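I opened this entry to keep a record of what I looked up, beginning with the sheet and ending with a single side chain.

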Amino acid sequence: MKKKLLTRKLKVIFLAGAPALAQGVTAPDALARSVTDEVLAVLRADQDIQSGNAKKVVDLVEKKVLPHFDFVRMTQLALGRNWREAAPEQQKLLIAEFRGLLVQTYAATFTAYKDQAIEYRPLRFQPTDTEVVVKSQIQQPGGRPITVDYRMHRLDSGWKVYDVVIGDLGLVQNYRGSFETEVRKGGIDGLIKALADKNRQLSAMQAAADKK
């Protein structure tokens with residue numbers, strides 16, 4: 001049940017689009033709109049993606065979406081206190097495997113895209129602010145709107161997403177519980193192994209789907 005819920009939530013994240021990195025002082029909500037338009041244009045036009053081509057979907061995720069996420073901070077937040085217990089090399093592996101998990105899981109949701117409408121709320125922030133929340137709603141045909149909030153912070157390289165909150169559940173919070181369980185069972189190495197095993201499983205499933 002939790003896996004199905006997470007998959008639905010990840011699909012919502014992609015439909016809303018990831019706020020983009022930009023040159024200059026473009027407002028974060030304007031960046032969100034621009035990258036949303038770009039991603040949705042590809043989804044609507046690419047017949048291979050519509051047909052479930054996993055490789056093209058992964059490429060789209062890698063190139064257009066994930067560069068705008070801060071996976072270091074996301075991993076730190078998802079690990080919580082366990083982050084400090086990890087050695088530097090373990091931390092690198094955790095970041096890589098967590099990123100890989102999101103790539104694989106996100107890609108699996110793309111083919112379920114429908115023409116939902118997306119609306120962004122007005123954003124109030126000062127030029128000196130280093131953290132903002134970009135709020136959006138996905139209008140579901142025949143259903144209630146789904147709220148999607150992007151928690152972003154500004155780095156030297158620009159604005160990055162470090163968490164996504166859908167309804168009342170944050171992406172980081174959702175993973176924190178399962179990460180804690182794996183660490184209790186097998187330590188940091190056990191969590192790394194669990195993530196690596198999951199990534200291999202998802203990669204194999206997507207490769208098999210592409211051969212059909």
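My notes below go from the sheet to the helices on it, then to the core and one glutamine.

Entry 1, the sheet. I am working from a predicted model, and I began with the strands. I found five of them in an open sheet, ordered β1-β2-β3-β4-β5 with antiparallel pairing. The edges are β1, residues 117-120, and β5, residues 169-170, each of which pairs on one side only. I then checked how β5 is attached: two bridges join it to β4, residues 158-166, and the two strands run antiparallel. G170 in β5 is the bridge partner of V165.

Entry 2, helices on the sheet. Helix α2, residues 28-45, packs on the sheet and touches β1, β2, β3 and β4, its direction making about 165 degrees with that of β1. I also noted helix α5, residues 71-79, which lies across β2, β3 and β4 and runs at about 35 degrees to β4.

Entry 3, the core. The largest nonpolar core has 49 residues, and among those with the most contacts inside it are F69, M74, L94 and Y150. Several elements supply at least two residues each, including α2, α5, α6 and β3, while α7 gives the most, with ten residues.

Entry 4, Q90. Is Q90 in helix α6 buried or exposed? I list Q90 as buried because its relative accessible area is 17%, and the cut-off for buried is under 20%. Its side chain reaches the backbone nitrogen of A87 at 2.8 Å. Leaving aside neighbours within four places in sequence, Q90 is in contact with E85, I188, D189 and I192.

Definitions and conventions
Residues numbered from 1 in each chain as written. Predicted model: local features only at pLDDT ≥ 70, side-chain atom pairs only at ≥ 80, totals over all residues. Heavy atoms only, no water. Pairing = 2+ DSSP bridges. Contact = heavy atoms within 4.5 Å. Axes fitted to C-alpha atoms, helices over the stretch in contact; angles between N-to-C directions. Core = buried A, V, L, I, M, F, W, Y, C linked by side-chain atoms within 4.5 Å. Buried < 20%, exposed > 50% of the residue type's maximum accessible area, 1.4 Å probe, protein only. Polar contact = N/O pair within 3.5 Å; in protein donor to acceptor, adjacent residues only side chain to side chain.
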